[in-house]
Amino acid sequence: MDNQKISTFLMFSGQAEEAMNFYISLFERSEILHIQRYGPGEAGAEGSVVHAIFSLNGQQFMCIDSNTPHDFTFTPAISLYVNCETEEEIENLFGKLSAGGQVFMPLDKYPFSDKFAWVGDQFGVTWQLNLLGKQQ
């Protein structure tokens, strides 16, 4: 495991492993690097994620399943920005990430990009997808 200085940390409520598996299926060079689960009688639901590290195209992320109820979740005020190299890649990611989620900006041409979309996935994580070329 590479110890990058700054990592994105995602807190889920029982869906951390499902989300990780979904995300690593979308990007090349992606894998779960470490996963620690709650055991019987521990603070969280048995088998849920105490802490995990996964990589998406070589970039590391961390996540947990929160064992404490809370009134907040992910917000569109922060999103993961993905530069896509091909039309096929951006269209594929748009379709998969928006399925069961929300589209904030549809896949289209904008003044700052020839092809761009902003979506919230089924887990509430938001993604900005940009076709490389003309950028902000």
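**Reasoning from values to words**

Modeller: In this predicted model, the side chains of Trp127 and Asp121 are joined by a polar contact of 2.9 Å.

Biologist: What makes the pair Trp127 and Asp121 a polar contact?

Modeller: The term asks for a pair of N or O atoms within 3.5 Å, one able to donate a hydrogen and the other to accept it. The distance between the side chains of Trp127 and Asp121 is 2.9 Å, which is within that cut-off, and therefore the pair is listed as a polar contact.

Biologist: Where in the chain is Trp127, and why is it called buried?

Modeller: Trp127 belongs to strand β8, which covers residues 126-131. A residue is buried when its relative accessible area is under 20%, and because Trp127 has 2%, it counts as buried.

Biologist: Which residues does Trp127 touch, leaving out those up to four places away in sequence?

Modeller: Its partners include Tyr23, Phe27, Leu56, Leu80, Val82, Leu97, Trp118 and Val119, and Asp121 is also one of them. Tyr23 has its own list, counted with that sequence limit too, and among its partners are Leu10, Phe12, Phe54, Leu56, Phe123 and Val125, as well as Trp127.

Biologist: What makes Trp127 stand out in the largest nonpolar core?

Modeller: That core has 29 residues, and Trp127 is named with Phe12 and Tyr23 as those with the most contacts inside it. The residues come from many parts of the chain: β1, α1, β3, β4, β5, α2, β7 and β8 each supply at least two of them. The largest share, 6 residues, comes from α1. A general tendency fits this picture, because nonpolar side chains in soluble globular proteins tend to be buried together.

Biologist: How many helices and strands are there, and in what order do they come?

Modeller: There are 2 helices and 8 strands, and from the N terminus on they run β-α-β-β-β-β-α-β-β-β. Of the 136 residues of the protein, 37% count as buried.

Biologist: Why is Ser113 called buried, and what does its side chain contact?

Modeller: Ser113, found in strand β7, has a relative accessibility of 0%, which is under the 20% limit, so it counts as buried. Its side chain makes a polar contact of 2.5 Å with the side chain of Asn130, and because this distance is within 3.5 Å, it meets the distance part of the term.

Biologist: Is Asn130, the partner in that contact, buried or exposed?

Modeller: Asn130 lies in strand β8 and also has a relative accessibility of 0%, so it counts as buried. Besides the 2.5 Å contact with Ser113, the side chain of Asn130 has a polar contact of 3.2 Å with that of Asn83.

Biologist: What is found around Asn83, and how do you know that it belongs to the largest pocket?

Modeller: The largest pocket has a volume of about 630 Å³. Of its 19 lining residues, the closest to the centre are Phe27, Asn57, Val82, Asn83 and Glu89. A residue counts as lining when an atom of it is within 4 Å of a pocket point, so Asn83 is in the list on that ground. By class, the lining has 9 nonpolar, 6 polar and 4 charged residues, while β4, β5 and α2 each supply at least two of its residues.

Biologist: Asn57 is in that list too, so why is it called partly exposed?

Modeller: Asn57 sits in the loop between β3 and β4, and its relative accessibility is 44%. Partly exposed lies between the limits of 20% and 50%, and because 44% falls there, the label follows.

Biologist: What makes the phi of Asn57 worth a remark?

Modeller: Phi of Asn57 is near 55°, a positive value in a residue other than glycine. The remark is made because most residues other than glycine have a negative phi. Arg29 is also not a glycine and has a positive phi of about 55°.

Biologist: Where is Arg29, and why is it called exposed?

Modeller: Arg29 lies in the loop between α1 and β2. Its relative accessible area is 60%, which is over 50%, and therefore Arg29 is exposed.

Definitions and conventions. Residues are numbered from 1 along each chain as its sequence is written. This is a predicted model: local features need pLDDT of at least 70, side-chain atom pairs count only at pLDDT 80 or more; totals for chains, interfaces and linings use all residues. Side-chain values use heavy atoms; hydrogens and water are left out. Helices (H or I, at least four residues) and strands (E, at least two) are DSSP runs, numbered from the N terminus. Buried means under 20% relative accessible area, exposed over 50%, partly exposed in between (1.4 Å probe, protein chains only). Contact means heavy atoms within 4.5 Å. On a 1 Å grid over the protein atoms alone, a cavity is a set of points where a 1.4 Å probe fits but cannot get out, and a pocket is an open set with protein on both sides within 12 Å along at least five of seven lines; lining residues have an atom within 4 Å of a point. Grid points are joined across faces, edges and corners, and a volume is the space filled by probe spheres set on the points. Ala, Val, Leu, Ile, Met, Phe, Trp, Tyr, Cys and Pro count as nonpolar, Asp, Glu, Lys and Arg as charged, and the others, Gly among them, as polar. A nonpolar core is a set of buried Ala, Val, Leu, Ile, Met, Phe, Trp, Tyr and Cys residues joined through side-chain atoms within 4.5 Å.
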